[in-house]
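Student: Please take a close look at one part of this model for me. I would like the helix packing and what surrounds it, followed by the aromatic contacts and the unusual spots in the backbone.

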Amino acid sequence: MKAERIVILTGAGVSAESGVPTFRGPDGLWEGHRVEDVATPEAFAARPGVVQAFYDARRARLAEVAPNAAHDALARLDREWPGEFLLVTQNVDDLHERAGSRRLLHMHGELKSAWCLACGARSPWEGPLAGGPACPACGAKGRMRPDIVWFGEIPYHLDAIDQALAACDLFVAIGTSGLVYPAAGFVETARFAGAYCIEINLEPSDMASRFHEQRTGPAGRLVPELVEALLSARAAA
């Protein structure tokens, strides 16, 4: 497999193998909550305490999980790949960073970041946001919200992602549902650019037919295999 410029998209399926709950369970709820109650600007405006408590709990639980073999393999690829490389994640946890990934963009925000609605600053954040702490940048109290892209909001870094997709020759989507746009459309942009497209998933996504190749199984096994093959082919070239 020849490649020079790689873009990889990861979704909830990658972090699920570390014990991070996926976005929606089989009952349609997200960790016991309706999505509309915790993942929209309207929910935050109506019940900020409920929303803050929900994300505070998720942020605290990051200490209970660790990167898995898929995270580690992608960090290795980032570290050792000499060509252009971009890892785009829909996940809001910090497992890619903890594994060592650096050429990384969080398109849906990060649990360990807070956004001040008073001054617009984004600040690294480890503790709770409930209780209205002061913004580290401007000092305003009670104006911090989770730096998470909620339904109805525009994902981050779309211009940079689109540029990378338009220039890549290999696109790999790992652990994604193929349901949430714009990420579900990334394969079309990559294909239009002439990239070879691979999907890695426990089961084919709704966009599986748009990929040249599907690899079905756990990311913790299949991603290290792919990374080893890419780096071996590069070394032999």
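Tutor: What follows starts at one helix pair and works outwards. Keep in mind that this is a predicted model.

Start with the helix pair. Two packed helices are described by the angle between their axes and the distance between the axes. Helix H5 covers residues 69-80, and helix H9 covers residues 219-236. Their axes come within 7 Å and cross at roughly 20 degrees. An angle under 35 degrees counts as roughly parallel, so H5 is roughly parallel to H9. The crossing of H5 past H9 is left-handed.

Now the residues that meet. H5 brings Ala 69, Ala 70, Ala 73, Leu 74, Arg 76, Leu 77 and Glu 80 to the contact. From H9 come Ala 219, Gly 220, Val 223, Pro 224, Val 227, Glu 228, Leu 230 and Leu 231. By class, the contact of H5 with H9 holds 11 nonpolar residues, one polar and three charged.

A strand residue touches both helices. Ile 174 sits in strand S7. Its relative accessibility is 1%, so Ile 174 counts as buried. Leaving aside neighbours within four places in sequence, Ile 174 is in contact with Leu 74, Ala 219 and Val 223 among others. Those three residues also belong to the contact of H5 with H9. Further contacts of Ile 174 include Ile 8, Leu 9, Thr 10, Gly 11 and Val 14. Ile 200 is also one of its contacts. Val 38 lies elsewhere: Ile 174 and Val 38 are 26 Å apart, C-alpha to C-alpha, and 136 residues apart in sequence.

Next, the aromatic residues. A pair of aromatic rings is described by the distance of the centres and the angle of the planes. The whole structure has four aromatic pairs. In one of them, the ring centres of Phe 44 and Trp 150 are 5.5 Å apart and the planes stand at 45 degrees, so this pair is tilted. Phe 44 belongs to helix H3 (residues 41-46), and Trp 150 to the loop between strand S6 (144-148) and helix H7 (158-167), so the pair ties together parts 106 residues apart in sequence. Phe 44 has 14% relative accessibility and counts as buried. Trp 150, at 3%, counts as buried too.

Trp 150 also pairs with Tyr 55. Here the distance is 6.1 Å centre to centre, with 45 degrees between the planes, and the pair is tilted. Tyr 55 lies in helix H4 (residues 48-61) and Trp 150 in the loop between S6 and H7, so this pair ties together parts 95 residues apart in sequence. Tyr 55 is buried, with a relative accessible area of 0%. Ring pairs link Phe 44, Phe 54, Tyr 55 and Trp 150 into a cluster.

Helix H4 also contains Arg 61. Arg 61 is partly exposed, with a relative accessible area of 31%. Its C-alpha is 8.7 Å from that of Val 20, and the two are 41 residues apart in sequence.

Now the backbone. His 157 is in the loop between S6 and H7, the loop that also holds Trp 150. His 157 is not a glycine, yet its phi is positive, at about 65 degrees. With a relative accessible area of 39%, His 157 is partly exposed. A second spot is the peptide bond from Tyr 181 to Pro 182, which is cis, with omega near 10 degrees. Pro 182 is in the loop between strand S7 (170-174) and helix H8 (186-192).

Last, the loop between strand S8 (196-201) and strand S9 (213-216), where Ala 208 is placed. Ser 205 is in the loop between S8 and S9 as well. Ser 205 counts as buried at 11% relative accessibility, and Ala 208 counts as buried at 8%. Not counting residues up to four places away in sequence, Ser 205 touches Thr 176, Ser 177, Gly 178 and Glu 199. On the same basis, Ala 208 touches Glu 199 and Gln 214. Glu 199 is thus a contact of Ser 205 and of Ala 208. The C-alpha atoms of Ser 205 and Arg 143 are separated by 38 Å, with their positions 62 residues apart along the chain. Ala 208 and Arg 58 are 30 Å apart, C-alpha to C-alpha, and 150 residues apart in sequence.

Terms used:
Residues are numbered from 1 along each chain as its sequence is written. This is a predicted model: local features need pLDDT of at least 70, side-chain atom pairs count only at pLDDT 80 or more; totals for chains, interfaces and linings use all residues. Side-chain values use heavy atoms; hydrogens and water are left out. Axes are lines fitted to C-alpha atoms, for helices over the stretch in contact, and angles run from 0 to 180 degrees between N-to-C directions. Helices (H or I, at least four residues) and strands (E, at least two) are DSSP runs, numbered from the N terminus. Angles under 35 degrees count as roughly parallel, over 145 as roughly antiparallel, 65 to 115 as roughly perpendicular and the rest as oblique. A crossing is left-handed if the near helix is turned anticlockwise from the far one by less than a right angle, and right-handed if clockwise. Contact means heavy atoms within 4.5 Å. Ala, Val, Leu, Ile, Met, Phe, Trp, Tyr, Cys and Pro count as nonpolar, Asp, Glu, Lys and Arg as charged, and the others, Gly among them, as polar. Rings of Phe, Tyr and Trp (its six-membered ring) pair if their centres lie within 6.5 Å; planes under 30 degrees apart count as stacked, over 60 as edge-to-face and the rest as tilted. Buried means under 20% relative accessible area, exposed over 50%, partly exposed in between (1.4 Å probe, protein chains only).
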